[in-house]
Amino acid sequence: MSGKRPSILNSLGAGKYLFRRPKTIKYPFELKEPAPRYRGFHLNDWDACTGCGNCEDICPNEAIEMVEVPELEEAPEEGRTNLRPQINYGRCCFCGLCVDVCPAGALRLSRDYLHIHFDTDTFTFIPKDQKSAGEKFLPEEEYSVLKANLDHRRQDYEGFSQDLDFSLFRLDRVPMPQVPPEERKLSFIEQVIGYTKEEAKGEAERCLECGLCEDACPAGLNIVDYVGAIYEDDPDESLRQIFKDNPLPSICGRVCMKHCEDACSLGKQGDPVAIRWLKRWTADSIEDYKRSLELTPGEDKGKKVGIVGAGPSGLSLAYFLRLKGYGVTVFDSLPGAGGATRIGPPQYRLPLDAIEKDVNYIASLGVEFRFCTTVGEDVSFEEIRDVYDAAYLAVGNSDPLSTGIENADKAHLALDFLRSNKIGEGVEVGREVVVIGGGNVAMDAAREALRLQHMQHPETSVVTKTVSLEDWDELPATGEEVEEAREEGIQFNPAWGPKKIEVDGDGRVKGLLCTKVKSVFDEDGRFNPSFDEDREKFLEGDTIIEAIGQKPDFSFISEETFGKLEFTERRKVRVNENGMTSLPGVFAGGDIVNTNLDAVTAIADAKVASEGIDCYLSGK
Amino acid sequence: MEIISEKKKGGSSRELELYFGPQHLGMIGNFSITLNVRGDRIVRAEANPGYLHRGFEKLMEGRSWIQNFPLVCRVNVIEPGSMEMVYSTAVENLAGVKVPPRGKYIRCIYLELSRIASHLFGLWAYSKTLGFETVGGWAMYHRDLILDLFEELTGGRVYNIYIWPGGVRRDLPEGFEERTKDVLHEIGEKVPDYNQTFFENRLFHERARGVGVVSREEAMNTGGTGQVLRATGLEYDIRKVEPYGVYDEIDWDVPTREDGDAYSRIMVVRDEMIESVHAIFKLFDKLPGGPVYNKIPNPFKWNIPEGETYVRLESSRGELGLYLASDGGRKPYRAHFRTPSYPHGLTILEKALAGESISDTGNIMISLYVTAPEIDR
């Protein structure tokens, strides 16, 4: 190049292109296909979208706003809101961060990018996809680029979509260390070991802070805040956040039914955040609640409330009312607090120490406990109503149900069995145990029986089986409980109904005769089992435990007063929005009121009642 | 046009103040130069930035670490890739995030494609300024072929939003290597035409040789980097002197020229494009398997430990740097870009224009690769 002197005629060489085909395409008669990964207008699968709002939070340009779509049904327990993202294309920069952060995988981008319209208001629009708005997505022959806009789009024109390897969230939970099944079934060692600080922080880090869990939690805990505080290395703040709504973190951190985790947006494609275990970590990591919380009882209001039942609901109400400055006395027939949580969940799931930790803190606020005091025997309910300014019924379902089949009296009742083992003298079990029932109490009874068998009959083979009316897919117990029971070697006989307990000449139990279940529920969805009488099965066993449910026991209330107590169609105590029953000044909560039958709902009831009692007693 | 001094003197000895841009046909970008001229000679030039100020550095302080990633590429529309790279590397330095080897290779392939696309854009601007419309058309077409590749790789044509902390945003699509090579071959086959029509054309030589000379000493004293420095014969390229990515794992050369004039700078750009094409082939040859991205923490909770870092890399225009500081929070405490066009477009341009003809204003400005958006960040 440098040697010869360049000529100005060189540029004429370009003239040869005059006779070639031009490279320019004749738009719009010829169209260029966007690449398969093209980042164009949004698509949103309305069925998968939960309305969690993570897209709104990540959007760097505030182009996304969550708007309410009234025709959509809300289902907080499944983590579904009726909010859907609305995109302002005047602001959107098509970066696609909303796609990478969508935990449900609902939001994608399409390859459409043309919007021809005279009205700039049409820039703001709520995306749907082909599934939910098929009429707007046209096949190639009906599509015209001259009419292209947000409502005139190409069919099957997906562009930039989610790839889980590149998502901005982590789907896998930090695994919870547990005692392996072979080891844990030999003793009552606590099965769940608990997170270390690093593990808890790692798990807390996964939370996307969308708050679907808070809507699902019956007690409405500030989950985002307390999980966030764990991530920020501030367990004290975490505990303070929990105690705003729940004074039983050690108990709930172990046995909560975790409605929150069912709603967690990360659970849509992967594992939900282990919210329950994180609460447990907070409770366990703090030695002394009092120092962390710095709560003091409210100024004395000079009024007293009597609480019947020291279960989760009664304990929580005592806590809430003490903070408001009311005097509180809690009556319970058991020698300690905890109610159903004290006697029900076996030691391997909820050790007594964990209960005492929460109870001791509540007691330290100045709550008076009268244990071993049975209302109706040691003190009458009417007396409580007279002496105290208000009363709270939180007696729970303490009366176990029996199947009533032949020789049912030879069987143990699950609640008595569990109570005796946890806080009583213990029960002797045989080498073959049959548990009737498919709920969580049945699982507790079976797994507890298995441990007792191993301890009472060491070095011999033992068998534990359950029999339930419900089939595998209908079992009322949580999947987790069933899975753990199976890991420990418990045998399941689903869809078999107990018919008769067979006994030998000496009155010793030989086993359980069952018939095949055709269906558990009738056409109206009501519990009404039907059996195939021709198909029978005999389950050998020397110990039989009935775990088919329990009901409340109101015998402590005099007949006259009981007559005035109103019930709902589902045989629950009817309460108003303040938690008050039809008896003036008598409030109620827990299993006798709600149908969830769990601790956290009982706490939620107590929260409502505490406000109700405050209003009632302060005359508001 | 305002006449401000020496009104009494008539004819060509009068000194006039003229505005070149922002609304001038010869101006590329939102930028203006105030020229004091006597006759058609420039006596004094003053560069005026500020027409495109968007306050990026301040904006970045209000956005989380991940939200800044679609923003930084907008600092410079000509070559967004290097902006993404400098930001991601700075965040990785502060947060201690590692990039998998394949991710590093893909980043370099993408950066070299960006460099070619950026140089073709520059060539379009330069050749059009000199009146070579045909060459400009070719350059724009070839740039478009690379934008097609970007679209396929990243989903976007200009703002690719592709390099992010931890690696790259998606793996190469199937067949991408072949299609990239096809495009590079297509461009390569056109090099003789480019040479004949433009680089070896006497019109270009006459217009560019000896024009806008920036000496090595001057360049070094005023912060000149990139082609400005390499056109003075100094083999200075950050990819060589302080290698990042995988530039130390492949064999490539730093093209230089000796004269420091517009011609040398444009020829360095030309050689660099060819060198980048070779580099991409070499990068594909050594491309390892495995993941391309190490997941970053949850963006809503991502606190980056307190600290500060300065990252620099060789953009198509010279040294691009980013000072990034974190106070331990979820957003940058301070971000400051060191963009090559800042010294090139302000101090060096003013000096280079002095004594030159008015008609060479655009010529010199574009040969210095002045890109207005990155001066006004």
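Asn221(B) is exposed, because just 11 other C-beta atoms lie within 10 Å and the cut-off for an exposed residue is 12 or fewer. This residue belongs to helix α8 of chain B, which covers residues 216-221. Thr154(B) lies 67 residues away from Asn221(B) in sequence. In space, the two C-alpha atoms are 39 Å apart.

The whole model is predicted. Its scores are ipTM 0.88 and pTM 0.88. Chain B has an average pLDDT of 90. In that chain, 97% of the residues score at least 70.

**Where the chains meet**

Chain A brings 35 residues to its contact with chain B. Chain B brings 30 residues. What classes of residue make up the side of chain A that touches chain B? There are 20 nonpolar, six polar and nine charged residues.

**Domains of chain A**

Chain A splits into four parts: domain 1 (42-166), domain 2 (185-293), domain 3 (304-398 + 555-617) and domain 4 (401-550). Domain 3 is written as two segments, 304-398 and 555-617. Take domain 1 and domain 2 of chain A. Their centres, taken over C-alpha atoms, are 33 Å apart. Domain 1 of chain A gives 11 residues to the contact, and domain 2 of chain A gives 13 residues. On the domain 1 side, four of these residues are nonpolar, five are polar and two are charged.

**Strands of chain A**

Strands of a sheet pair through backbone hydrogen bonds, and the pairing is either parallel or antiparallel. Chain A shows a parallel case in an open sheet of five strands. Their order is β13-β20-β14-β15-β16. Which strands sit at the edges of this sheet? They are β13 (412-413) and β16 (491-494) of chain A, and each pairs on one side only.

Two strand pairs of chain A are set out here.

| Strand pair | Direction | Bridges | A facing pair |
|---|---|---|---|
| β14(A) (residues 432-436) and β20(A) (residues 543-546) | parallel | four | Val435(A) and Ile545(A) |
| β18(A) (residues 509-521) and β19(A) (residues 527-540) | antiparallel | nine | Ser519(A) and Ser530(A) |

In the parallel pair, Val435(A) stands opposite Ile545(A), which is in β20(A). In the antiparallel pair, Ser519(A) has Ser530(A) of β19(A) as its bridge partner.

The strands β18(A) and β19(A) form a hairpin. How many residues lie between the strands of this hairpin? There are five. In this hairpin, Gly525(A) takes a positive phi near 85°.

How values were computed: Residues numbered from 1 in each chain as written. Chains lettered and ligands numbered in written order. Predicted model: local features only at pLDDT ≥ 70, side-chain atom pairs only at ≥ 80, totals over all residues. Contact = placed C-beta atoms within 7 Å. Nonpolar A, V, L, I, M, F, W, Y, C, P; charged D, E, K, R; others polar. Domains from an automatic or database assignment. Helix = DSSP H or I, 4+ residues; strand = E, 2+ residues; numbered from the N terminus. Buried ≥ 20, exposed ≤ 12 C-beta atoms within 10 Å, placed from the backbone. Pairing = 2+ DSSP bridges. pLDDT = per-residue confidence, 0-100.
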